Amino acid sequence: MNDIPARHTRGAASDSGAATDSARTAIATVTAADSALVTWADREASRRGTELDRAEALRLLGSVSLGRIVFTQDALPAIRPVNHLLHHGQVIIRTHEGAALKSLTQHADAEGVVVAYEADAIDPATHCGWSVVVTGYCHLVTDPDDLAHYQALLHPWADRRMSYALRIRPDLVTGLRLSPRT
């Protein structure tokens, strides 16, 4: 329930009645707007969400090349759009000298840096599609053969020299498919 405080005014008793009527009108307007919003939301909830299992979520993640990496920078969440590839169940991204995540992984302990990676494919007209989030440890790829392999497979889309690669081991994989309600 929405509580709208009554105005306190100095003046005649009729002012008090006007303020009360005004408050009642405001409450009725808010209630009508809330009701309209609920009706719209119910009408528009024509999609259902279905959780994806790990295998399907990773398959879908591997079917697109663009996602968003989430990490902690200066005690705050940071998000960067990046392209990726899925290789042996791990997410590979490329990065450049001076990138915050490159620096974080270079100075991390053996476990690496905890990150989340999200990718999706949702149709803007129907709002149907899927979204996948993997959470796990991110490490700098240091093996020269692995780095050369990833550089050959994953081409940067930003006009920067991407000399480094990062590997995300997905420990937690979640996904959701949005489909028409039948």
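In this predicted model, Lys102 is positioned over the face of Tyr164, 4.5 Å from the centre of the ring. As for rings facing one another, the structure contains 0 aromatic pairs.

The interior may be approached through its nonpolar cores. The largest of them comprises 24 residues. Within this core, the residues with the most contacts are Leu61, Ile69, Leu101, Val115, Tyr117 and Val134. Two or more residues each are supplied by helix H2 (54-62) and by the strands E2 (66-73), E3 (76-87), E4 (90-95), E5 (113-122), E6 (129-140) and E7 (164-180). The largest share, 5 residues, is contributed by E6.

Ile69 illustrates how parts of the chain meet. When its neighbours within four places in sequence are left aside, Ile69 is in contact with Ala78, Ile79, Arg80, Val82 and Ile93. The list of its contacts also includes Leu101, Val115, Ala116, Tyr117 and Ile168. Apart from the largest core lies another one, of 7 residues, including Leu85, Val141, Leu147 and Ala165.

Attention may now turn to helix H2, where Leu60 is located. Leu60 counts as buried because its relative accessibility is 6%, and the limit for that class is under 20%. Residues up to four places away in sequence not being counted, Leu60 touches Leu52, Trp130 and Arg177. Leu60 and Ser131 are 71 residues apart along the chain, and their C-alpha atoms are separated by 8.6 Å.

Key: Residues numbered from 1 in each chain as written. Predicted model: local features only at pLDDT ≥ 70, side-chain atom pairs only at ≥ 80, totals over all residues. Heavy atoms only, no water. Core = buried A, V, L, I, M, F, W, Y, C linked by side-chain atoms within 4.5 Å. Buried < 20%, exposed > 50% of the residue type's maximum accessible area, 1.4 Å probe, protein only. Helix = DSSP H or I, 4+ residues; strand = E, 2+ residues; numbered from the N terminus. Contact = heavy atoms within 4.5 Å. Phe/Tyr/Trp six-rings, centres within 6.5 Å; stacked < 30°, edge-to-face > 60°. Lys NZ or Arg CZ within 6 Å of the ring centre and 35° of its normal.
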